[in-house]
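Reader: I would like to go through this model step by step, beginning with how its helices pack. Could you take my questions one at a time?

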Amino acid sequence: MNWRQHLFWGIIVISAGFLFLLKLNIFKLQYLLFVPYLLFLSLFPDIDSKKSKARKIIYILLFLSIISISFSVLFKFLYILFIPIPIILIFIIGNLKHRSITHNPIIGLVLSLPLLYFSFGLFLISFITFFSHLFLDWL
């Protein structure tokens, strides 16, 4: 599947998840702030592909974090210690083999865990969104 199809199915899964939370009367409007992250999770497993949209997004975010940290150094010297983190991540992502570790449900679980802080429903939606990518690749 290509990124558009994964994104389309991600939208379907997220919408169904939000409708389910609405039906249970536990949906909060603030959950909509997580939609970009949830959509990103529908693309994330292909971060190991050199032509992936997710990889491009990650590279842009890591580059922006390097710039942000560099400007922060002007105000707090200790921030300089954080500059290697995005550089190391860029190197790691660049050396991943396609359909390797990123196509593992455990990675989806790890990426979904932060949403557990906000809501168990958001956690489930994020994990199912990630897992939908794996399932669609399996078909």
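Author: Let us begin with a pair of helices in this predicted model: α1 passes α6 in a crossing that is right-handed.

Reader: How are the axes of α1 and α6 oriented, roughly parallel or roughly antiparallel?

Author: The axis of helix α1, which spans residues 3-23, comes within 9 Å of the axis of α6, and the two cross at roughly 150°. Angles over 145 degrees count as roughly antiparallel. The crossing angle therefore makes the orientation of α1 to α6 roughly antiparallel.

Reader: Which residues of α6 meet α1?

Author: From α1, the residues that take part are His6, Trp9, Gly10, Val13, Ile14, Gly17, Phe18 and Leu21. On the side of α6, which covers residues 120-138, their partners are Gly121, Leu122, Ile125, Ile128, Thr129, Ser132, His133, Leu136 and Asp137.

Reader: Is threonine 129 buried or exposed, and what is its relative accessible area?

Author: Threonine 129 lies in helix α6, and, leaving aside residues up to four places away in sequence, it touches Gly10, Val13, Ile14, Leu38, Leu41 and Ser42. A residue counts as buried under 20% relative accessible area. Threonine 129 is therefore buried, its relative accessible area being 0%.

Reader: Which elements give two or more residues to the largest nonpolar core?

Author: The largest nonpolar core holds 12 residues, namely Phe40, Leu41, Leu43, Phe44, Ile47, Ala54, Ile58, Leu62, Ile93, Leu96, Phe130 and Leu134. The elements that supply two or more of these residues are α2 (35-43), α3 (53-73) and α6.

Reader: How many residues are in the second core, which includes Ile14 and Leu122?

Author: This second core is separate from the largest one, and among its members are Ile14, Phe18, Tyr31 and Leu122. Ile14 and Phe18 in α1 are also among the residues that meet α6, where Leu122 is one of the partners. The number of residues in this second core is 9.

Reader: For the whole chain, what share of the contacts between residues at least 6 apart in sequence joins residues at least 24 apart?

Author: The chain has 6 helices and 0 strands, and read along the sequence its pattern is α-α-α-α-α-α. Of its 139 residues, 35% are buried, while the chain exposes about 9,200 Å², with carbon and sulfur atoms supplying 78% of that area. Among contacts between residues at least 6 apart in sequence, the share joining residues at least 24 apart is 67%.

Methods:
Residues numbered from 1 in each chain as written. Predicted model: local features only at pLDDT ≥ 70, side-chain atom pairs only at ≥ 80, totals over all residues. Heavy atoms only, no water. Helix = DSSP H or I, 4+ residues; strand = E, 2+ residues; numbered from the N terminus. Buried < 20%, exposed > 50% of the residue type's maximum accessible area, 1.4 Å probe, protein only. Contact = heavy atoms within 4.5 Å. Areas by Shrake-Rupley, 256 points an atom, 1.4 Å probe, with all protein chains shown as cover. Core = buried A, V, L, I, M, F, W, Y, C linked by side-chain atoms within 4.5 Å. Axes fitted to C-alpha atoms, helices over the stretch in contact; angles between N-to-C directions. Parallel < 35°, antiparallel > 145°, perpendicular 65-115°, else oblique. Left-handed = near helix turned anticlockwise from the far one by under 90°.
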